[in-house]
Amino acid sequence: SRFYEPETGGKVTQLLIHSNDSRIMTILVQGRGMSRTRDMGKTWTSLLEPLKPYKGANVGLTVTTTIKDSNTLYYLSSFGLLRSTDGGGAWNEIKLLTNPSKTTIRTFAVDPVTPTLMYYTTATTLYYSVDSGKTWSTKALPSTYMPFIFSIEQGKTPILYMGGIKQ
């Protein structure tokens, strides 16, 4: 096992390891966006500069990728949802049905094998897209618990699992 302590100046809240190259890791840092290493943690590069055009993007909620393309990152922040196809060098907004500055987005997931399938939740609603976020549909959540964690079981028909906390 290895322990890495990047000099990020904040609390690391998530670690994402590149699926094809374990030397490449992306971390989410509370209140400071993301950093990336390509050498197993010897040196870290902040990904904050490319996020500056997106107000609130330094407050990250989650970062994820897919099995098929680890260079494509999906980043949910106080700004909203962003996608990078070059490992975090440049970002494009994916429009959501909700305004992140007015509604708290609780969870986000992209299907790891079929990245055109995307999901996010608010306190009471599941939002889903089958076309990479071009359009979104909604469904009421089947629970009164506050969504906390989200996972997708891949199969012929994806199965969504969501954990929550009692409100």
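The exercises below, each with a worked solution, explore a predicted model.

**Exercise 1. The open sheet**

Work out in which order the strands of the open sheet of 4 strands are arranged, and which strands stand at its edges.

*Solution.* Begin with the order of the strands, which is β9-β10-β11-β12, and note that their pairing is antiparallel. Next, look for strands that have a single partner: these are β9, residues 107–110, and β12, residues 137–140, so each of them has one side left without a neighbour in the sheet. Then consider how the strands are set against each other: when direction is ignored, neighbouring strands of this sheet are turned by 20 degrees on average.

**Exercise 2. A strand pair and its tyrosines**

Find how many bridges join strand β10 to strand β11, and which residue of β11 stands opposite Tyr120.

*Solution.* The first step is to locate the two strands, since β10 covers residues 118–121 and β11 covers residues 125–129. These strands run antiparallel and are joined by 4 bridges. The second step is to follow Tyr120 across to β11, where Tyr127 stands opposite this residue. The third step concerns accessibility: Tyr120 has a relative accessible area of 1% and is buried, and Tyr127, at 11%, also counts as buried.

**Exercise 3. Aromatic pairs**

State how many aromatic pairs are counted, and determine how the rings of Tyr75 and Trp91 are arranged.

*Solution.* The count comes to 5 aromatic pairs. For Tyr75 and Trp91, the centres of the rings are 5.8 Å apart and the angle between the planes is 50 degrees, an arrangement described as tilted. Tyr75 belongs to strand β6, whereas Trp91 lies in the loop between β7 (81–84) and β8 (92–94), so this pair ties together parts that are 16 residues apart in sequence. Turning to accessibility, Tyr75 is buried at 0% relative accessible area, and Trp91 is buried at 5%. A further pair is made by Tyr120 and Tyr127, whose ring centres are 4.5 Å apart and whose planes meet at 5 degrees, so this pair is stacked. Finally, ring pairs link Tyr120 and Tyr127 with Trp136 into a cluster.

**Exercise 4. Salt bridges**

Count the salt bridges, and decide for each residue taking part whether it is buried, partly exposed or exposed.

*Solution.* The count is 3 salt bridges, and the solution takes them in turn, using the cut-offs that buried means under 20% relative accessible area and exposed means over 50%, with partly exposed in between.

- Arg23 and Asp21 meet through their side chains, with N and O at 2.8 Å; Arg23 is partly exposed at 44%, whereas Asp21 is buried at 18%.
- Lys52 and Glu49 meet through their side chains, with N and O at 3.2 Å; Lys52 is exposed at 56%, and Glu49 counts as exposed at 53%.
- Glu93 and Lys95 form a salt bridge in which the closest N and O atoms are 3.4 Å apart; Glu93 is partly exposed at 38%, whereas Lys95 is exposed at 57%.

**Exercise 5. Three strand residues**

For Leu28, Ser77 and Ile17, find the strand in which each residue lies, and then describe its surroundings.

*Solution.* Start with Leu28, which has its place in strand β2, residues 25–29, and is buried, with a relative accessible area of 0%. Once neighbours within four places in sequence are left aside, its contacts include Lys11, Val12, Thr13, Met34, Leu61, Val63 and Tyr75. The C-alpha atoms of Leu28 and Arg38, which are 10 residues apart along the chain, are separated by 15 Å.

Continue with Ser77, which is found in strand β6, residues 73–77, and is buried at 2% relative accessible area. The side chain of Ser77 reaches the backbone nitrogen of Phe79 at 3.1 Å. Beyond four places in sequence, Ser77 is in contact with several residues, among them Gly56, Ala57, Val59 and Pro100.

End with Ile17, which lies in strand β1, residues 12–17, and is partly exposed, with a relative accessible area of 44%. Not counting residues up to four places away in sequence, Ile17 touches Ser22, Ile24 and Met25. The C-alpha atoms of Ile17 and Thr157 are separated by 26 Å, with their positions 140 residues apart along the chain taken as the sequence separation.

Conventions
Residues are numbered from 1 along each chain as its sequence is written. This is a predicted model: local features need pLDDT of at least 70, side-chain atom pairs count only at pLDDT 80 or more; totals for chains, interfaces and linings use all residues. Side-chain values use heavy atoms; hydrogens and water are left out. Two strands pair if DSSP finds at least two bridges between them. Axes are lines fitted to C-alpha atoms, for helices over the stretch in contact, and angles run from 0 to 180 degrees between N-to-C directions. Buried means under 20% relative accessible area, exposed over 50%, partly exposed in between (1.4 Å probe, protein chains only). Contact means heavy atoms within 4.5 Å. A polar contact is a pair of N or O atoms within 3.5 Å; within protein, one must be able to donate a hydrogen and the other to accept it, and residues adjacent in sequence count only if both atoms are side-chain atoms. A salt bridge is a side-chain nitrogen of Lys or Arg within 4 Å of a carboxyl oxygen of Asp or Glu. Rings of Phe, Tyr and Trp (its six-membered ring) pair if their centres lie within 6.5 Å; planes under 30 degrees apart count as stacked, over 60 as edge-to-face and the rest as tilted.
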